[in-house]
Amino acid sequence: MTRRAAQPPHTALPHAADEEAGAEAGGAGVHEGAEAGARVVQEGILRRQAARESAARTYARALPIVPVRARGLTIEGADGSRYLDCLSGAGTLALGHNHPVVLEAVRKVLDSGAPLHVLDLATPVKDAFTTELFRTLPPGLADRARVQFCGPAGTDAVEAALKLVRTATGRSGILAFTGAYHGMTEGALAVSGGAPDVRVTRLPYPQDYRCPFGVGGGRGAELAAHWTQSLLDDAKSGVAGPAGMILEPVQGEGGVIPARDDWLRRMREITAARGIPLIADEIQTGVGRTGAFWAVEHSGVTPDVMVLSKAIGGSLPLAVVVYRDDLDVWEPGAHAGTFRGNQLAMAAGAATLAYVRENGLAARAAALGTRMIARLRQLEADFDCVGEVRGRGLMIGVELVDPESPSATPAGPASPDGPAPAAPERAAAVQRACLRRGLIVELGGRHSSVVRLLPPLTITDEQATAVLDRLADAVTEVARQAPRAARTGRDGLDGRAVREAAR
């Protein structure tokens, strides 16, 4: 792979030069003083955050920056450093930071004098958002859909969807999948892969690299589907008739694992034949992210329920559940929320949905994502610590592994017949190396061993090249240090520090 030289740790903002040589020297001194002052301000803010905020904070631990300005792919920190943001609000920013169409939509509402808080009353802003949303839905669902505005976060939409199908079917059990992530509230956690208290029936989610059946490909997906069907049809399986099945067309937090289209179609067939509502979690995959407007469209599947958030609010808090009209059995007030009528988010969301649709950004995500994944796959050939590069559209993951591990690790046993154990400490090292080069990436996967890219759909070809250059340089640095890191005890960190770095 052709790589450019590593980028400097930070790119400072340009400043005007003075004409006189003496003034230049003085100006440089002033500028250096201003930079030092900016660093002091940033460090103070970070110290106060650490002292005041909950231990539950996550991104702030791995990304010690203080954003003060942002536009498109770029974030500027309080110390003047600039970064290419491939976290994008965990996939929220389909158009990047502060896109002009989003800002214009928000300003229009603010300048109009419209009420900003309206509970669930009808407004022109809500009507425009709902109209645009229905215009984008899969045809089989849009023709007979209802929309429920719930709380402002994706996890609220998941809770509402679970409650909906339980109410509509009169049943309580839920089918969910290994590796899933659906949110952090009680019900959403219960159907996620890391649930500490099992309350749902867990089914195998097929994947190639770490196939639960050890075969991968079409055969692995076929076995996963067969297991699901057998479990539901076995009178002695211990699984009562479920109220619904919830799945992600691409598991994001689970490690960027795209579901095979034929497997998704089998899940649709199995659930439809047994009267089980199928819930598609499109919170992170929706609005063009995977190369189709909604990820289920790759397989031609029409779910009974879709849970939506993140990008649909145009960077502001908004979440909805869209479902078939025959499931609409709510009593008035059966599910509500004080902030379900976020007018600014609906305006920003309608503008975002329309922009993605009108400018063909889903198709662009498909084409650009294919090129980015193809280039990143060269890393698999170059470095044995890169286990697999995978993804769909602009939802991309690079899994780091420990090929030298001679024995079992917390991330799994070494096996000559299977993939090497996951290497969360190496993934965290890559993330840190990226940050030094001015690139923000996320970690995910079962053991936080997958470096994730979620760039805005508006990323240019030149910006994509810069992202890949910086990521490749970071992986190269970590790969060359890996033998030394293994000898010094995983980058010289103790076990607790390793776990913290991987979060």
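These legends accompany four close-up views of a predicted model.

**View 1. Helix 4 and its two faces.** Helix 4 runs over residues 100-112. With 13 residues at 1.5 Å each, this helix should span 18 Å, and its end C-alpha atoms are indeed 18 Å apart, so the expected and modelled spans agree. Look for Val102, Ala105, Val106 and Val109, which are buried. These four cover an arc of only 95° around the axis, which puts them on the same side of helix 4. An α-helix has 3.6 residues a turn, so residues three or four places apart point the same way. Turned away from the buried side of helix 4 is a face with the exposed residues Glu104, Lys108, Asp111 and Ser112. Just after the helix comes glycine 113, with a positive phi near 80°.

**View 2. Helix 4 against helix 11.** The buried residues of helix 4 pack against helix 5 and helix 11; here we turn to the partner at residues 343-358, helix 11. Two packed helices are described by the angle between their axes and the distance between the axes. For helix 4 and helix 11, the angle is about 145° and the axes lie 8 Å apart. The crossing of helix 4 past helix 11 is right-handed. Helix 4 brings Val101, Val102, Ala105, Val106, Val109 and Leu110 to the contact, while helix 11 offers Leu344, Ala347, Ala348, Ala351, Thr352 and Tyr355. Of the residues in this contact, 11 are nonpolar, 1 is polar and none is charged.

**View 3. Helix 5 and what covers it.** Helix 5 takes in residues 124-136, and at 1.5 Å a residue its 13 residues should span 18 Å; the end C-alpha atoms are 19 Å apart, which agrees. Its buried residues are Val125, Lys126, Phe129, Thr130, Glu132, Leu133 and Thr136. Viewed down the helix axis, the buried residues of helix 5 fall within an arc of 165°, so they line one face. Pro124 and Asp127, on the other side of helix 5, are exposed. Among the elements covering the buried residues are helix 4, helix 11, strand 4 (145-149), strand 11 (305-308) and strand 12 (320-324).

**View 4. Glycine 80 in its loop.** Here is a glycine in the loop that lies between strand 2 (74-77) and strand 3 (82-85). Is glycine 80 buried or exposed? Its relative accessibility is 15%, and because buried means under 20%, glycine 80 counts as buried. Valine 66 is 14 residues away from glycine 80 in sequence, and their C-alpha atoms are 9.8 Å apart in space.

Methods
Residues numbered from 1 in each chain as written. Predicted model: local features only at pLDDT ≥ 70, side-chain atom pairs only at ≥ 80, totals over all residues. Heavy atoms only, no water. Helix = DSSP H or I, 4+ residues; strand = E, 2+ residues; numbered from the N terminus. Buried < 20%, exposed > 50% of the residue type's maximum accessible area, 1.4 Å probe, protein only. Expected span 1.5 Å × (residues − 1). Arc of directions from axis to C-beta. Contact = heavy atoms within 4.5 Å. Axes fitted to C-alpha atoms, helices over the stretch in contact; angles between N-to-C directions. Left-handed = near helix turned anticlockwise from the far one by under 90°. Nonpolar A, V, L, I, M, F, W, Y, C, P; charged D, E, K, R; others polar.
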